[in-house]
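This report walks through a sheet, a helix pair and one further helix. Keep the sequence and the model in view while reading.

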There are 2 protein chains.
Amino acid sequence: MERIYITTILIGFWIQSSLLVSAVADTKQLKLWPMPKSVSYGHERRYIGKEFELKTEGSKYNDGSSILKNAIVRLLDVIPAGHVIEANFSSFNPSHILKGINVVIRSSNDELQYGVDESYKLLISAQGDLVNLEAETIYGALHGLQTFSQLCRFISKTRAIEVHQVPWIIVDEPRFSYRGLLIDTSRHYLPLPVMKKVINSMTYAKLNVLHWHIVDSQSFPLEIPSLPKMWNGAYSREEQYTMADAAEIVSYAQQRGINVLAEIDIPGHARSWGVGYPSLWSSTECKEPLDVSNDYTFKVIDSILSDFSEVFKFKFVHLGGDEVDTSCWTSTPHINKWLQKNRLNASEAYQFFVLRAQKIALAHGYEIINWEETFNNFGDKLSRKTVVHNWLGGGVAERVVASGLRCIVSNQDKWYLDHLDATWQGFYSNEPLTNITDTKQQALVLGGEVCMWGEHIDGSDIEQTIWPRAAAAAERLWTPYDKLAKDPREVVGRLAHFRCLLNQRGVAAAPLLGQGRVVPSEPASCYNQ
Amino acid sequence: MERIYITTILIGFWIQSSLLVSAVADTKQLKLWPMPKSVSYGHERRYIGKEFELKTEGSKYNDGSSILKNAIVRLLDVIPAGHVIEANFSSFNPSHILKGINVVIRSSNDELQYGVDESYKLLISAQGDLVNLEAETIYGALHGLQTFSQLCRFISKTRAIEVHQVPWIIVDEPRFSYRGLLIDTSRHYLPLPVMKKVINSMTYAKLNVLHWHIVDSQSFPLEIPSLPKMWNGAYSREEQYTMADAAEIVSYAQQRGINVLAEIDIPGHARSWGVGYPSLWSSTECKEPLDVSNDYTFKVIDSILSDFSEVFKFKFVHLGGDEVDTSCWTSTPHINKWLQKNRLNASEAYQFFVLRAQKIALAHGYEIINWEETFNNFGDKLSRKTVVHNWLGGGVAERVVASGLRCIVSNQDKWYLDHLDATWQGFYSNEPLTNITDTKQQALVLGGEVCMWGEHIDGSDIEQTIWPRAAAAAERLWTPYDKLAKDPREVVGRLAHFRCLLNQRGVAAAPLLGQGRVVPSEPASCYNQ
């Protein structure tokens with residue numbers, strides 16, 4: 001009898017272990033994106049009830065800005081609970097109906113900043129009728145709601161919104177705190193509804209920084225209240241943003257846990273600045289870079305950053321500094337004279353410009369992000385508060401952090417979305433910590449960013465160029481390194497599923513198979529394209 | 001004295017006439033799309049007030065379904081009144097502030113049907129503080145609100161929403177009552193948010209029929225309650241529409257003055273029908289067309305149309321009938337035997353099928369639309385209640401109406417949106433009444449439709465393939481013939497402006513210049529692309 005008893009226990013243990021092992025192995029196929037840090041699940045089924053409601057028992061968070069309330073509305077919309085449901089609830093086991101979600105947030109503070117705690121714990125128990133979500137901050141809770149939304153599926157057979165594989169225990173937090181998307185409103189104006197749609201879509205992949213490349217050579221669309229003629233550089237009166245528009249974007253993004261990084265790219269990429277204030281040009285024949293010899297140039301930068309500080313509350317501001325062709329300085333007499341007077345060659349004048357602009361930004365309380373060339377040319381002179389934005393290629397982040405500076409990774413061979421031949425596999429595989437093994441140096445890599453440059457991008461094609469490739473990078477930036485697939489082919493099913501989820505939510509994500517922004521090759525299911 | 005008096009009067013009259021003449025000539029450049037039937041305007045400016053409200057003094061319409069109320073909400077959203085306005089109202093002449101719009105609708109009936117009165121009169125007087133809109137029905141009023149929305153412009157200088165060129169007198173009604181867009185949810189499933197966005201965008205160009213090509217060879221995504229296995233032919237469980245979904249689409253469209261024309265394309269284009277009910281196939285090796293010899297086939301059609309009649313309330317149903325390859329009938333023994341027994345050749349069996357299906361539809365209270373081949377092959381046998389849907393090419397409408405039948409024009413050389421090389425100029429110039437001079441026959445042309453076939457179209461690229469070319473056709477179908485431009489080059493400025501308006505409203509309309517669905521060629525203003 002004892003032998004049978006022991007054998008039964010051993011068999012039971014073996015079965016349970018097998019189940020656990022299979023559960024762990026099977027997480028690789030879970031239809032979640034990005035993959036959470038830690039997931040376990042079961043085999044039961046639950047149904048979302050008709051009056052699925054928000055509870056906040058035990059929560060310290062005071063939802064003064066309605067961030068949580070609005071997020072619940074959005075959740076119910078995408079599940080879609082607002083879908084006309086004809087589910088026959090009397091046919092379900094009453095104890096299998098989920099009546100609501102209890103969201104417990106430990107911090108009452110809703111300030112959104114770089115490095116805010118974005119962790120959460122999502123529990124869907126086999127007992128009780130509530131989903132449980134815990135987080136340190138509201139922003140962690142937003143991510144938890146996103147994950148929960150991906151567990152909900154409308155099942156046409158029962159006409160119910162079902163949650164399969166209950167119980168769920170998901171404990172999650174991002175690997176990197178900076179997970180960005182750049183948009184460019186200078187090469188093409190992007191109307192507010194377009195920008196908002198992009199911001200909203202970012203939340204589905206848990207991206208959390210919108211890098212707004214606001215102005216450039218071609219146009220200056222943003223109002224600068226202290227310099228009313230700056231936005232004369234816009235393409236047209238219809239293609240402008242008031243500062244109130246900018247504030248609306250910042251607010252819309254904050255409601256979704258997304259920071260807005262404002263960029264003024266200087267001294268190059270700035271031809272449009274002189275449309276309203278021609279003295280900013282080196283000369284009327286030579287319009288880029290901005291005139292380094294003119295004190296007024298720096299007064300203008302100061303004014304702009306002063307106005308920015310009223311609206312853009314992210315701790316960083318981006319001052320550009322890339323692709324500076326100094327010919328206009330050396331070839332323009334008054335500037336050439338100034339160079340000689342100050343004993344600067346053109347390259348040193350570039351350094352002078354960048355460092356002086358940095359000081360202005362620091363005086364306004366910002367920390368600075370600059371494009372990579374500033375580091376490549378005079379990295380040791382940069383403010384120690386500089387974050388270097390790598391874009392030219394791989395192998396840069398390691399040098400930046402070795403020098404003690406922080407880094408954001410956007411190497412163009414892999415993470416430029418306007419490069420249509422950059423594949424989703426390449427986006428997935430681009431590892432920010434390549435060749436960085438020292439943990440202190442690893443901590444200096446803030447994260448990374450995919451870049452949607454606007455030369456060929458306007459409201460008609462932005463979404464399909466961003467998605468789904470940005471999602472591939474989003475998992476690289478969120479999911480722990482050891483849970484990422486070594487071979488992207490392992491994730492094609494999950495990413496195809498995520499792409500179809502985006503489409504179901506009205507996001508124009510392009511087919512997965514092929515280059516960026518391909519169109520469907522033939523009639524087919526979404527899941528096969 | 002008398003001579004001076006008379007001269008003064010004559011000069012005054014001449015000046016007034018000149019102004020009128022210039023006003024008339026300048027309507028060709030007005031930023032309205034489609035161009036209204038009759039427009040006059042002035043030189044004054046008005047401002048939309050902070051609490052712009054709806055009034056209905058003198059109106060007979062009872063807004064039980066909230067059609068008007070919801071339309072006002074949408075109006076305020078696109079103007080955009082919800083835009084954070086910092087206008088300094090104290091700087092405007094108080095008598096120039098428009099406090100609201102008075103909408104007078106003469107009919108209390110909100111039934112939407114083919115041929116409903118869509119006329120309206122829009123008056124923005126130089127006196128008073130209200131906009132005045134009059135219409136016979138709510139649906140005319142919706143068009144009037146659209147036109148009004150195009151007169152409103154956010155002016156960055158004053159930060160106000162302004163109406164220029166007041167007073168306006170616009171008296172308008174469509175040339176054709178059937179102004180359609182076809183979408184195809186069989187080649188690719190289109191999620192509900194995508195369909196809704198398309199429907200909403202149709203209202204901007206005053207299109208009024210959504211032709212829903214629901215099923216075809218590749219997939220059968222729609223639930224048929226009386227035949228629960230029909231939608232097994234969907235690509236996947238995630239790519240299905242419940243009947244409640246369909247009802248939601250019909251309701252969403254009706255709120256916007258748009259009828260939904262449901263199509264089941266039979267007997268060809270129907271391979272997906274047999275996934276749930278294999279006996280509908282000629283054989284398991286030969287799956288199209290549907291088995292003409294099987295009574296069950298017609299029971300199925302009857303069931304489907306019975307279920308349709310609960311949801312699709314448009315007076316027409318589309319029964320397809322195009323591209324029928326009868327080889328499966330002659331090569332399948334039991335069908336071949338049936339043909340012989342009934343003394344029908346394959347072509348006569350095609351006719352038999354179409355006519356029998358027509359009778360079923362008529363019994364359900366529908367009038368029928370059939371694709372052109374039915375007319376080409378046995379036009380004199382078709383029910384006199386048939387509307388022939390021309391698609392193969394030009395020169396067909398004239399033959400259809402000469403035979404006494406009604407016609408809808410969609411000739412593929414000009415009005416197929418999936419033909420990317422079909423230019424907006426071609427869309428604009430395609431005249432439905434070509435070679436039809438007899439007024440009784442002209443009345444038999446109900447209108448026309450642009451077709452967005454789905455072989456390469458899903459949620460990722462549908463909007464930019466539809467717009468802006470569908471807008472060019474929309475003017476051809478709305479504006480009186482004598483007000484249309486003889487040379488499309490005359491309207492490029494107006495159409496570019498409309499394309500940018502679509503973008504501003506979040507509709508992904510492609511650049512105008514080039515083929516269908518081009519991407520922006522370079523950094524530029526929207527208005528130059």
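Two strands count as paired if DSSP finds at least two bridges between them. By that rule, strand 1 (residues 38-40) of chain A pairs with strand 8 of chain A: three bridges join them, and they run antiparallel. The model is a predicted one.

**The sheet of chain A**

Eight strands of chain A form an open sheet. Their order is 1-8-4-5-3-2-7-6, and the pairing is mixed. Strand 1 and strand 6 (152-155) of chain A stand at the edges. Each has a single partner strand, so one side of each is left without a neighbour in the sheet. From one strand to the next, the twist averages 30°.

Strand 8 has a second listed pairing, with strand 4 of chain A. The table sets out both.

| Strand paired with strand 8 of chain A | Sense | Bridges | Residue pair |
|---|---|---|---|
| Strand 1 (residues 38-40) of chain A | antiparallel | three | A:V39 with A:I170 |
| Strand 4 (residues 120-124) of chain A | antiparallel | five | A:K121 with A:V171 |

In a regular strand the side chains alternate between the two faces of the sheet. Which residues of strand 8 (residues 168-172) of chain A lie on the covered face, and which on the uncovered one? A:W168, A:I170 and A:D172 make up the covered face. A:I169 and A:V171 make up the uncovered face.

**Two helices side by side**

Helix 2 (residues 67-78) and helix 3 (residues 138-151) of chain A pack at an angle of about 10°. Their axes are 10 Å apart. Angles under 35 degrees count as roughly parallel. Helix 2 and helix 3 of chain A are therefore roughly parallel to each other.

Helix 2 of chain A brings A:I67, A:L68, A:A71, A:I72, A:L75 and A:V78 to the contact. From helix 3 of chain A come A:I138, A:Y139, A:L142, A:L145, A:F148 and A:S149. The residues of this contact divide into eleven nonpolar, one polar and no charged.

**A helix in chain B**

Helix 5 (residues 243-254) of chain B has twelve residues. At 1.5 Å a residue, counting one less than the number of residues, helix 5 of chain B should span 16 Å. Its end C-alpha atoms are 16 Å apart, which agrees.

Where do the buried residues of helix 5 of chain B pack? They pack against helix 4 (192-204), strand 10 (209-213), strand 11 (259-263) and helix 6 (295-311) of chain B. Among the buried residues are B:M243, B:D245, B:E248, B:I249 and B:V250.

Note on methods: Residues are numbered from 1 along each chain as its sequence is written. Chains are lettered from A and ligands numbered from 1 in the order in which they are written. This is a predicted model: local features need pLDDT of at least 70, side-chain atom pairs count only at pLDDT 80 or more; totals for chains, interfaces and linings use all residues. Side-chain values use heavy atoms; hydrogens and water are left out. Buried means under 20% relative accessible area, exposed over 50%, partly exposed in between (1.4 Å probe, protein chains only). Helices (H or I, at least four residues) and strands (E, at least two) are DSSP runs, numbered from the N terminus. Axes are lines fitted to C-alpha atoms, for helices over the stretch in contact, and angles run from 0 to 180 degrees between N-to-C directions. Angles under 35 degrees count as roughly parallel, over 145 as roughly antiparallel, 65 to 115 as roughly perpendicular and the rest as oblique. Contact means heavy atoms within 4.5 Å. Ala, Val, Leu, Ile, Met, Phe, Trp, Tyr, Cys and Pro count as nonpolar, Asp, Glu, Lys and Arg as charged, and the others, Gly among them, as polar.
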